[in-house]
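Let's take a friendly walk through a protein model, one neighbourhood at a time. Keep the picture open beside you and look up each residue as we come to it.

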Amino acid sequence: MPAPRFITFEGIDGSGKSTQARALAARLGDAGTEVVLTREPGGSPGAEDIRQLLLTGDPGRWSAETEILLFTAARRDHLEKTIEPALLAGQTVVSDRFADSTRVYQGATRGDLRATVDRLHALMIGREPDVTFIIDMDPAKALKRGLARKSGEDRFEDFGLPFQETLRHGFLTLARAHDRCIVIDGDRASEQVATEIAARLDALS
Ligand code: ADP
Ligand code: TYD
């Protein structure tokens, strides 16, 4: 099988996705692979502007429906300007979050909006990663890690622990439905987590 070239990281806030995305990109780069490390929301100048609208301010600032539109607008720009050009140029893309985040954060937390998310995805994005690592861990521990960062982009962390529990359940349910998803235990030293991810990726090619 050809090596996966579009790799995403998903999970609840503070689970260690960004740390692991960085570690994997560095590892692949050291091995001579051309890698683009990117993130959502964001990853292109226009999408980074939309990120600010989404992640700052009052938790009740946007309805779930409006969020779906904004995240999808950001993703479309990210896809057009960053992801597709990189894949076309033969590079590997490692993205810290992608469409699974919308499926879970907007699709499964405030009413069942999953059908709306899926329709908009089919219409405007229509692309899935080759492999998705879902970093799983206890939300109480993850929330402590995340809030310790104090990034100023805490709108979703500010929804609190029950919200994060719902998200965890949502990601695990999603993983069971898609063969491309690999669940990784994130409650270990980051080097240990990174070693397992590299091994699972190697096993795919
Ligand atoms: P996410 O992107 O999932 O929100 P980050 O990678 O930004 O998570 O990690 C959140 C915080 O937890 C950071 O301060 C990071 O240094 C720390 N962290 C990440 N992975 C681990 C780990 N395995 N053990 C302990 N702390 C970690
Ligand atoms: P991120 O910067 O990855 O935050 P963290 O490091 O805390 O995990 O993502 C920002 C927030 O945006 C995060 O709380 C999840 C949320 N989000 C959605 O609600 N829907 C989406 O489609 C995406 C990509 C992110």
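Leaving aside residues up to four places away in sequence, arginine 75 touches Glu40, Phe98, Ala99, Thr102 and Ile125. Please keep in mind that this is a predicted model.

**Arginine 75 and its partners**

Find arginine 75 in helix H3. Is arginine 75 buried or exposed? Its relative accessibility is 3%, and since buried means under 20%, arginine 75 counts as buried. Two of its partners are worth a look. The side chains of arginine 75 and glutamate 40 are joined by a polar contact of 2.7 Å. A polar atom of the arginine 75 side chain also lies 3.4 Å from the backbone oxygen of phenylalanine 98.

Now compare another residue of helix H3, leucine 88. Leucine 88 has a relative accessible area of 79%; exposed means over 50%, so leucine 88 is exposed. To get a feeling for distance in the model, find phenylalanine 171, which is 83 residues from leucine 88 along the chain. The C-alpha atoms of leucine 88 and phenylalanine 171 are 29 Å apart.

**A strand with two faces**

In a regular strand, side chains alternate between the two faces of the sheet. You can see this in strand E2, residues 35–39. Val36 and Thr38 point to one face and are buried, while Val35, Leu37 and Arg39 point to the other face and are not buried. Strand E2 runs parallel to strand E3 (residues 92–96), and five bridges join the two. Which residue of E3 stands opposite threonine 38? Look for serine 95.

**Two backbone surprises**

Most residues other than glycine have a negative phi, and most peptide bonds are trans. This model has an exception to each habit. The peptide bond between glutamate 40 and proline 41 is cis, with an omega of about -10°. Proline 41 sits in the loop between E2 and H2, and glutamate 40 is the residue whose side chain makes the polar contact with arginine 75.

The other exception is arginine 97, which is not a glycine and yet has a positive phi of about 80°. Arginine 97 belongs to the loop between E3 and H4. Its relative accessibility is 11%, so arginine 97 counts as buried.

**A covered helix**

Just along the chain comes helix H4, residues 99–106. How many of its eight residues are buried? The count is eight of eight, so H4 is mostly covered. Among the buried residues are Ala99 and Thr102, which you have already met as contacts of arginine 75. The buried residues of H4 pack against several elements, including strand E1 (6–11), H3, helix H5 (114–124) and helix H7 (161–177).

**The two ligands**

Helix H4 leads us to ligand 2, because H4 supplies four residues to the shell around this ligand, the largest share. Helix H2 (45–55) and helix H3 (64–88) each supply at least two residues as well. In total, 16 residues surround ligand 2, and the closest are Asp13, Lys17, Arg97, Thr102 and Gln106. Arginine 97, with its positive phi, is thus a familiar name here. Sorted by class, the shell holds five nonpolar, three polar and eight charged residues.

Ligand 1 has a shell of 13 residues, with Gly14, Lys17, Ser18, Thr19 and Arg188 the closest. Lys17 is listed among the closest residues for ligand 2 too. Helix H1 (17–30) gives the most to the shell around ligand 1, three residues, and helix H6 (139–149) supplies at least two. By class, this shell has two nonpolar, six polar and five charged residues.

Here are some of the close polar atom pairs between protein and ligands.

| Ligand atom | Protein partner | Distance |
|---|---|---|
| oxygen of ligand 2 | side-chain N or O of lysine 17 | 2.9 Å |
| oxygen of ligand 2 | side-chain N or O of arginine 51 | 2.9 Å |
| oxygen of ligand 2 | side-chain N or O of threonine 102 | 2.5 Å |
| oxygen of ligand 1 | polar backbone atom of serine 15 | 3.1 Å |
| nitrogen of ligand 1 | polar side-chain atom of arginine 145 | 3.2 Å |
| nitrogen of ligand 1 | backbone N or O of arginine 188 | 2.7 Å |

How much of each ligand does the protein cover? On its own, ligand 2 has 540 Å² of accessible area, and the protein covers 96% of it. Ligand 1 exposes 560 Å² when taken alone, and the protein buries 71% of that.

Note on methods: Residues numbered from 1 in each chain as written. Chains lettered and ligands numbered in written order. Predicted model: local features only at pLDDT ≥ 70, side-chain atom pairs only at ≥ 80, totals over all residues. Heavy atoms only, no water. Near = heavy atom within 4 Å. Polar contact = N/O pair within 3.5 Å; in protein donor to acceptor, adjacent residues only side chain to side chain. Areas by Shrake-Rupley, 256 points an atom, 1.4 Å probe, with all protein chains shown as cover. Nonpolar A, V, L, I, M, F, W, Y, C, P; charged D, E, K, R; others polar. Buried < 20%, exposed > 50% of the residue type's maximum accessible area, 1.4 Å probe, protein only. Pairing = 2+ DSSP bridges. Contact = heavy atoms within 4.5 Å.
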